[in-house]
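Here is a report on a protein model with more than one chain. Look at the overall picture first, then follow the text from chain to chain.

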Amino acid sequence: MTPRPRSNGEAHAQSAALQVRNLRVHYDTPSGVVQAVDSVSFSLEAGERFGLVGESGSGKTTLAMALLRMIKPPGQIESGQVWLDGQDVLALSGDEMRKLRLAGIALVAQGSMNSLNPVTRIRRQLLDGMKDHAAAGSNGTDNGTNAAKLSRREQEAFVHDLLARVGLEPQVADMYPHELSGGMKQRVCIAMAISMRPKVIIADEPTSALDVVVQMQIMETLRRVQEEVGAAVLLVGHDMGIMAQFVDRVGVMYAGKLVEVSPVRDIFSRPLHPYARLLIECLPSLEVKDTLEGIPGLPPSLIERPTGCLFHPRCPHAATECETQEQILDEAQPDRWVACHRLDLIHDLQPETGVS
Amino acid sequence: MWAAGYLLKRIAFFFLIVLTAATVNFFLPRLSGQDPIRERMIKQVQSGSAWGKGIEEMVEVYNAKFGLDRPLWQQYLTYLGDMARFDLGHSIAFYPKTVEEILREALLWTIGLLTMTTLLSFVFGTFFGALVAWTRAPLWLRSLAPPIMTMAAIPYYLLGLILLFVFAFELRWFPGHGGYRIGTIPNLSWRFLLEALEHSLLPALSILLSSLGFWAIAMRGMMVTVEGEDYMTLAEAKGIKSSRLFFDYGLRNAILPQITSLALAMGYVFSGALLVEVVFGFPGIGTVLFNSIKGVDYPVIQGIVLTIILTLATTTLILDLTLPMLDPRIRRQA
């Protein structure tokens, strides 16, 4: 149903829901400049589900916030381009950007437990964002419902419809956040995110505070409503299990850089980048009983970063060229983009006969 | 339903507080071991306005009149009965003036001064504190923070002395003493009100300036905490207008502890700003309390303290009843 992505997106600026090119974000800290996001490029087709994985501190959340242009000082978007549905996001004025949020690009946040205003009812929180988009329309909100112009009854019907879409009773509208369970709160957040039918939903570890059963329900709900409104989803997280079940493609981040972007099946069956491989190998297996192993070493300091390939100090295949030369994402196989100097040597890629 | 049980509990609590405090109020001044009537008589003898002879008899008569000759527990019961009827008795120092009369005169001054200053400093201080913490606020406004914070560090009576020196002594813009001019008889006329206002300005300013910072500091701290909350991030991601973000999400959450402080501060309105009133010779409750402690005037002290207790307990009760409306989370614990 969702169109199969065919490239890393360079040529698909027109059709892509979200296009990110060479995005760089850094934090100016007293101890030095932290390059949190380093020349990241990728794109989301309309309706596509894209997963962004990486260790803590790899820049996933910073990247997500940068797409919403919500990087707070000392953080700063340094350079790069973000196109949302053909619109240059980084060129918008502050107020235009505000109106693009929710209407064009919505967030389902990390801390679902505290993401709702504790002192106002759910109804109000479902409607207030839209009310502040009243005079929108010029920036991709043509299909968004304009709550300010709705009558009271229409608002009520609208709220009930939103709640029903995420599997909540209409009574929830009259409740306060503390009266809801964690899963219900996250459902409310999802309802909010789709309320103006955005082109892209950023889900930043949407299930991190929930138990596994609720996690699956929430992901199912997110998938269902995302398909209903036709939004692309950027799922940020480090739970490979959830990624495997939810997304179409995965981008692996390491120290602020994307090191591999591949269809989800391929990356699980045959990860190409050494880091991606080690990451996948870390997953516990049901069949083989073995001690759980991590990746030796620690992620590099983002202030004093290694030269060349950022992963070379931990990489089992590192050679001298890895220490000196940076490698950019390159299409190693159709649909598979990898940043590694030694790819051919590691995998012997040439006579590839299709990856299952 | 939470309301009924909660209400009863709060009201019962109210009476318990009043009874406990009234009991302490009764015993505390008597623990000082002073004999107010004998001391007053001796003073009068020393100043030559009474004869030394027959003093013992007079002390006895007066003690009987004020009920001070009876055993303590009897006095206590009588006291409780009187308090229940709001009968505060007579002042010892200004006999035959009743405590009620004294209080009524002084309270008007104090309430006028302190209600205004408390409310004004709460409103401005809270709002200012919120803006100072708000990263989107204009820089000039946020740069006002240090001076106002500094002002909060100066005790208000000291600030009062400085104002007194500058504006009353050196510049002579404002009167430096009392609530009205000597010779004026208090009455309800525009002329008198203006005169009272003129006299209240300096004491009001000293309280206002120093308490403004107090409210601002507390609010700034809360606002900074609230700004870091997840719901602020999500609200911003919802594309909400800056003003709604400030009022509906920021201020609305950060103000909750401020409301508690306001209620408590309103309770203290009746106790007067003792030092400021003394510094400015302002005819309010603070000055009266100061004088009656000096003169060991039990009934007046008791009357004032009882008033303070009642108002504090009442504001706490009002607070308990209104906070659940502002913060839905309190309702559950009720």
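## Chain B at a glance

In chain B, residues 24 or more positions apart account for 72% of the contacts with a separation of 6 or more. The model is predicted. Chain B has 16 helices and zero strands. Its C-alpha atoms fill a box of roughly 85 × 60 × 35 Å along the principal axes. Of the 334 residues in chain B, 34% are buried.

## Chain A beside it

Chain A mixes both kinds of element, with eleven helices and twelve strands. Of its 356 residues, 47% are buried. For contacts in chain A between residues at least 6 apart in sequence, 66% join residues at least 24 apart.

The table sets out the two chains.

| Chain | Helices | Strands | Residues | Buried residues |
|---|---|---|---|---|
| A | eleven helices | twelve strands | 356 residues | 47% |
| B | 16 helices | zero strands | 334 residues | 34% |

## Strands in the middle of chain A

Start with strand E8 of chain A, residues 232–237. Is E8(A) enclosed or open? Six of its six residues are buried, so E8(A) is largely enclosed by the rest of the structure. Ala232(A), Leu234(A) and Val236(A) point one way from the strand. Val233(A), Leu235(A) and Gly237(A) point the other way. All of them are buried.

Which strands pair with E8(A)? One is strand E3, residues 49–53 of chain A, which is joined to E8(A) by five bridges and runs parallel to it. In this pairing, Val53(A) stands opposite Gly237(A). Likewise, Leu52(A) has Val236(A) as its bridge partner. Another is strand E7, residues 200–204 of chain A, also parallel to E8(A) and joined to it by five bridges. Here Ile201(A) has Val233(A) as its bridge partner. From E7(A), the chain crosses through helix H6, residues 212–229, to reach E8(A). This β-α-β crossover is right-handed.

Strand E3(A) is covered too. Five of its five residues are buried, so E3(A) is largely enclosed by the rest of the structure. On one side sit Arg49(A), Gly51(A) and Val53(A), and on the other Phe50(A) and Leu52(A). Strand E3(A) also pairs with strand E9, residues 249–254 of chain A, through four bridges, and the two run parallel. In E9(A), the bridge partner of Leu52(A) is Gly251(A). Leu52(A) thus has a bridge partner in E8(A) and another in E9(A).

## Nonpolar cores

In soluble globular proteins, nonpolar side chains tend to be buried together. The largest nonpolar core in this model has 105 residues. Which of them touch the most other members? They are Val200(A), Ile202(A), Leu234(A) and Val252(A). Helix H5 of chain A, residues 182–194, gives the most to this core, with eight residues.

Take Leu234(A) as an example. Leaving out residues up to four places away in sequence, Leu234(A) touches Leu44(A), Phe50(A), Leu52(A), Ala64(A), Val200(A) and Ile202(A). There is also a second, separate core of 60 residues. Tyr79(B), Val132(B), Ala133(B) and Ile255(B) are included in it.

## Two residues to compare

Find Pro274(A) in helix H9 of chain A, residues 274–281. Is Pro274(A) buried or exposed? Pro274(A) has 26 other C-beta atoms within 10 Å, so it counts as buried. Beyond neighbours within four places in sequence, its contacts are Phe311(A), Cys315(A), Pro316(A), His317(A), Cys340(A) and Ile346(A).

Now turn to Gly176(B), in the loop between helix H8 (156–170) and helix H9 (190–227) of chain B. Gly176(B) has 16 C-beta neighbours inside 10 Å, so it counts as partly exposed. Setting aside residues up to four places away in sequence, Gly176(B) touches Leu164(B), Ala168(B) and Phe169(B).

## Where the chains meet

How many residues does each chain bring to the contact? Chain B brings 21 residues and chain A brings 24 residues. On the chain B side, helices H10 (230–237), H11 (242–254) and H16 (328–333) each supply at least two residues. H10(B) gives the most, with seven residues. By class, this side of chain B has seven nonpolar, three polar and eleven charged residues.

Notes. Residues are numbered from 1 along each chain as its sequence is written. Chains are lettered from A and ligands numbered from 1 in the order in which they are written. This is a predicted model: local features need pLDDT of at least 70, side-chain atom pairs count only at pLDDT 80 or more; totals for chains, interfaces and linings use all residues. Two residues are in contact if their C-beta atoms, placed from the backbone, lie within 7 Å. Ala, Val, Leu, Ile, Met, Phe, Trp, Tyr, Cys and Pro count as nonpolar, Asp, Glu, Lys and Arg as charged, and the others, Gly among them, as polar. A residue is buried if 20 or more other C-beta atoms lie within 10 Å of its own, exposed if 12 or fewer, and partly exposed in between; C-beta atoms are placed from the backbone. Two strands pair if DSSP finds at least two bridges between them. A crossover is right-handed if, with the strands pointing away from the viewer, the path from the first strand over the helix to the second runs clockwise. A nonpolar core is a set of buried Ala, Val, Leu, Ile, Met, Phe, Trp, Tyr and Cys residues joined through C-beta atoms within 7 Å.
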